[in-house]
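Q: Can you take me through how the chains sit together here?

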Protein chains: 2
Amino acid sequence: MSATIKDIARICKVSEGTVDRALNARPGISKKTKEYILNVAKELNYTPNHLARGLAKGRSMTLGVILFDVRNPYFAQLMNAIEVKARELGYVVFPIFTHSDTQNERKALEHFKTRQVDGIIMFSVQSGHEFEKELLDLKIPIVTIGNRISGGWTYVGINERESMKDAVKHVVSQGYEEIIYICPPLTRRGEVNLYTLEERLAGCREGLSEMGKKEPLVIMDSDYIKAISQIDLESQPKKAVVCPADIYALEVLNHYKKNKIRVPEQIGLMGFDDIDTLKYISPRLCSVRYPVSEIGITAVNRLLEEINGNHNKHLNVLLLQHQIVTGESL
Amino acid sequence: MSATIKDIARICKVSEGTVDRALNARPGISKKTKEYILNVAKELNYTPNHLARGLAKGRSMTLGVILFDVRNPYFAQLMNAIEVKARELGYVVFPIFTHSDTQNERKALEHFKTRQVDGIIMFSVQSGHEFEKELLDLKIPIVTIGNRISGGWTYVGINERESMKDAVKHVVSQGYEEIIYICPPLTRRGEVNLYTLEERLAGCREGLSEMGKKEPLVIMDSDYIKAISQIDLESQPKKAVVCPADIYALEVLNHYKKNKIRVPEQIGLMGFDDIDTLKYISPRLCSVRYPVSEIGITAVNRLLEEINGNHNKHLNVLLLQHQIVTGESL
DNA sequence: CTGAAAGCGCTAACAA
DNA sequence: TTGTTAGCGCTTTCAG
């Protein structure tokens, strides 16, 4: 196989310890022997064995990443940012895509434990006491993104409630009086993490209330297209559909286009996430933008701080700024 | 830290070898002691250490994956399929996104070597003899996807030339006489892999020639939008823009929309890849569809065969079927 | 059926 | 400055 430290030691007629000192720039070695060893190592085309190193040091230099589905552009952006940042810092990532299945998430954590990852970045589906106990038992630093779990773990994201509140206020400021809020269920199995969903809905309610408008019509049906098609668009006052994700908004928009319903003339539409795809679609969707890549990068940085034990324990909620993106759909 | 085989052995008053036999369902152990050991292991919440196992067995049970950019939906789909399939088979993946930078690709391969991955799935930017030599030196099974390298490595993909030929023939069959083919350069650094690009262009030429049409107008400018805006759309005969990727076609379409040029009335448009995003865009783009996820799955299966040495050495080009997707843009 | 021991490649503590 | 040695946790071979 590949050359090992032992091989180099034998050839150079020095001890393995000395080779280690040369290869890893450790102190206590003469320049001469160091250069000699390095030369031989290069000739042998030596590459260190990370498995062995990890075993010896108790550090695998790998991070586990749990996301729903990388085919969703939002997760793809996160994935990209995390992978690039982690590698920049000498780590390599194991991604696992759960497709928001709680069983997959459980197995993923198990996987990471046996794989000896040094830390985990997780967008979780699960929640609840039992789940938190499992996480604690892992004894691995974890940073959560997207879905918050509890104060026990660092959370990197945006202020979900405020951002939706701002979105709704923007809609109202454009003259819309009635809000239809789309909020389909994520999945049915297990105890599911509803943090983001609930916060955004609460933000919607609060926003309307603060603007003195009436309660939103909340559509919780998974077939929300059918539900909205039953709404009377002719009656006053002006109505707008608000979605907690652009992908829902795009489905709604497709439905309206198919039925020759004009947006925003007959109904307003507001999305959330400001995904890249929007630039190809007209009318340009109003949405809420936030620095997705920054979330990934911040999560990696924080996770490494936690791994190295030099993090601020009193500050474990890291919120980034959101902003309203105006478009042609309101 | 976590419980180890040694701990279990001590508690059960047996040897480590016996514990190993129980834990890994190896033969030569009585049912009684096995059950006992398994119970103790469960109580201690034992989880195996994959680093140690990998080191001992010379198998890390990890695969390296090299892709351009997961934010591109095409790569995201590949990534998803590969990760899911690999995990199903007990492997875990290290993805590295090169952003089509040859330096990154080099470093990625280096990374994988030191990380002791058992195999690599690669969508390469590089090509050439020197590169091939590097790959050989790795002494790790490699399956290539997307960009073919040479007969030395398994390739999983579609027949690039035939698929573009079919695409062009379809365009011609819709009454278009003149083809504008978009073919922007990928990157400038290093010796770049142009396999796919060249094959598709060749397919375009062959298709036109076989249909008795004149040569395509090939736009090699990276600012292809500027280039197409100089084309006279009023003159006969009917013209169509053919793109070797939907993302180019979407940019072109955006340009036409902005300038109130009607597709397909004033000019036809053909894409390639049939990405998911298309379902949100009108007019529905004509494109070429092929089973992207299948490519990922096939690559994983083949790679494992190569790792285990039970692959068919005479068959190392695995081509999947493509199909023309008709839309409203022709 | 079970135990003992060597070894995977690297690190780290202690001697020399 | 260099060598020696004992691990890290698991697998594997050879005895018993």
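What follows is a short exchange on the contact between the two chains.

A: Keep in mind that this is a predicted model.

Q: Okay. What turn lays chain B on chain A?
A: A turn of 180 degrees, with a shift of 0.0 Å along the axis, and the RMSD is then 0.1 Å. The two copies are therefore related as by a two-fold rotation axis. Both copies use the same surface, in that 100% of the contact residues of chain B recur in chain A.

Q: How many residues of each chain are in contact?
A: 48 residues of chain B touch 48 residues of chain A.

Q: And how much area do they bury between them?
A: About 4400 Å², with 58% of it on carbon and sulfur atoms.

Q: Which residues of chain B lose the most area to chain A?
A: Leu51(B), Arg115(B) and Tyr280(B), which together make up 18% of what that side buries.

Q: Switching to charges. How many salt bridges between the chains?
A: Two salt bridges. Glu251(A) and Lys279(B) meet in a salt bridge through their side chains, at 3.4 Å from N to O.

Q: How many residue pairs are in polar contact across the interface?
A: 22, counting pairs with both residues at pLDDT 80 or more.

Q: Which element of chain B gives the most to the side that touches chain A?
A: α5(B), with seven residues. Elements of chain B that each supply at least two residues to that side include α4 (50-57), β2 (92-97), α6 (102-114) and α11 (246-258).

Q: What about that side by class?
A: On chain B it has 20 nonpolar, 18 polar and ten charged residues.

Definitions and conventions
Residues are numbered from 1 along each chain as its sequence is written. Chains are lettered from A and ligands numbered from 1 in the order in which they are written. This is a predicted model: local features need pLDDT of at least 70, side-chain atom pairs count only at pLDDT 80 or more; totals for chains, interfaces and linings use all residues. Side-chain values use heavy atoms; hydrogens and water are left out. Copies are superposed by least squares on the C-alpha atoms of residues with pLDDT of at least 70 in both. Contact means heavy atoms within 4.5 Å. Buried area is the accessible area (1.4 Å probe) that two parts lose on being put together, summed over both. A salt bridge is a side-chain nitrogen of Lys or Arg within 4 Å of a carboxyl oxygen of Asp or Glu. A polar contact is a pair of N or O atoms within 3.5 Å; within protein, one must be able to donate a hydrogen and the other to accept it, and residues adjacent in sequence count only if both atoms are side-chain atoms. Helices (H or I, at least four residues) and strands (E, at least two) are DSSP runs, numbered from the N terminus. Ala, Val, Leu, Ile, Met, Phe, Trp, Tyr, Cys and Pro count as nonpolar, Asp, Glu, Lys and Arg as charged, and the others, Gly among them, as polar.
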